[in-house]
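Let's take a friendly walk through a protein fold, one piece at a time. Have the sequence and the 3D view ready.

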Amino acid sequence: MKEKTFGDIYIKGKKMLIDGNIPSYESDNINIFQKCFGVKRHDLVFMREKVASFESVQKYFEMIKKRISHIPVQYLVGNWNFMNHDLKVGKGVLIPRDDTEVLVKESAKFLSDIDKPVVLDLCSGSGAIAIVLDSLVSNPDMQITAIEYSKDAYDYLKYNVKRHKKNINCLNMDIFKCHDNFEDESIDAIISNPPYICSEDMEFLQPEVKFEPEMALNGGKDGMDFYRVILSKWTKKLKKGGLLGVEIGIGQLESILGVFKNYKMSNIKCFKDINGIDRAILAEKTNS
């Protein structure tokens, strides 16, 4: 392997990703390079002639080849940043995405006006929503419970909660069954980014997304299974005036609004993500 200096290695890795038809070649190369060599891109200008260790170079090009095979870069580097929080991710857990930011921010606004908020994060995955909510609201009296069914994802949830030193109660439970473990009208807010992709659309997902766990993506025949169970079983747990906030998929707004209106929810609002796509619905439990 003739590439030995940081500069030569970086350029070859970038070319391999381009030749491998990876659209995000620039950012992916930066992330993989930093993971393997601990050198950020802006430092590379001053270190381009530095010679890298053989082991690091091997690791780098192995990761580049895996990325070309469409393994998500987030899984390769093992960590991903969501709203300024570094979260451990890997096989078996959904990768946090910028799409979810609007749900978290709008939910935090609601919770900031409550004295001692009690919050449930359903289908918590890596714990992204619960962890960032805890930071944004910054209320020592807030109680957050994060529920995740997948054992693999639950391990990431526990790790990330501990890593960020959050006082979040983590439960390895199935939200289709565990609603009876919670008292009616005891929760101030229920927040969820549930699986919402239609079963028949699963085979058409991007190659990278197919590496993510199906149970975190597949929302049933029409993509609505989780919304129905959340509204029919879990809204009973909300206090009157309590908040339900959910992320939604592209083109699902009208269908999900129809489900919301079948239950005692009011002040229903839709919020767009950073790309201008309808991405979150927030509503309050009717007081009467």
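What follows is a short tour of a sheet, some helices and one residue in a predicted model.

## The sheet

Start with the strands. Seven of them line up as an open sheet, and going across you meet S5, S4, S3, S6, S7, S9 and S8, in that order. The pairing in this sheet is mixed.

Which strands stand at the edges? They are S5 (168–171) and S8 (265–272). Each has a single partner strand, so one side of each is left without a neighbour in the sheet. If you compare neighbouring strands here, they are turned by 15° against each other on average, with direction ignored.

## The S8 edge

Let's look at the end with S8. Its pairing with strand S9 (residues 278–285) is antiparallel and runs over six bridges. You can pick out one of the linked pairs yourself: Lys272 has Asp278 in S9 as its bridge partner.

There's a helix to find here too. H10 (residues 253–261) packs on the sheet and touches three strands: S7 (238–247), S8 and S9. The direction of H10 makes about 10° with that of S9.

## The S5 edge

Now hop over to the other edge. S5 pairs with strand S4 (residues 143–147), this time in the parallel sense and over four bridges. Here, Ile144 has Ile168 in S5 as its bridge partner.

How does the chain cross from S4 to S5? It goes through helix H8, making a β-α-β crossover that is right-handed.

## One residue in H8

While you're at H8 (residues 151–163), find Asn160, which sits in this helix. Is Asn160 buried or exposed? Asn160 has a relative accessible area of 0%, and buried means under 20%, so Asn160 counts as buried.

What does Asn160 touch, once you leave out residues up to four places away in sequence? The list is Leu87, Lys88, Ser126 and Ile131.

## Two helices that cross

Last stop: helix H6 (residues 101–111) and helix H7 (residues 128–137). Their axes come within 9 Å and cross at roughly 45°. That angle is why H6 is described as oblique to H7. The crossing of H6 past H7 is right-handed.

Want to see who meets whom? On the H6 side, look for Leu103, Val104, Lys105, Ser107, Ala108 and Leu111. On the H7 side, they meet Ile129, Val132, Leu133, Leu136 and Val137.

Conventions. Residues numbered from 1 in each chain as written. Predicted model: local features only at pLDDT ≥ 70, side-chain atom pairs only at ≥ 80, totals over all residues. Heavy atoms only, no water. Helix = DSSP H or I, 4+ residues; strand = E, 2+ residues; numbered from the N terminus. Buried < 20%, exposed > 50% of the residue type's maximum accessible area, 1.4 Å probe, protein only. Contact = heavy atoms within 4.5 Å. Pairing = 2+ DSSP bridges. Axes fitted to C-alpha atoms, helices over the stretch in contact; angles between N-to-C directions. Right-handed = clockwise from strand over helix to strand, strands pointing away. Parallel < 35°, antiparallel > 145°, perpendicular 65-115°, else oblique. Left-handed = near helix turned anticlockwise from the far one by under 90°.
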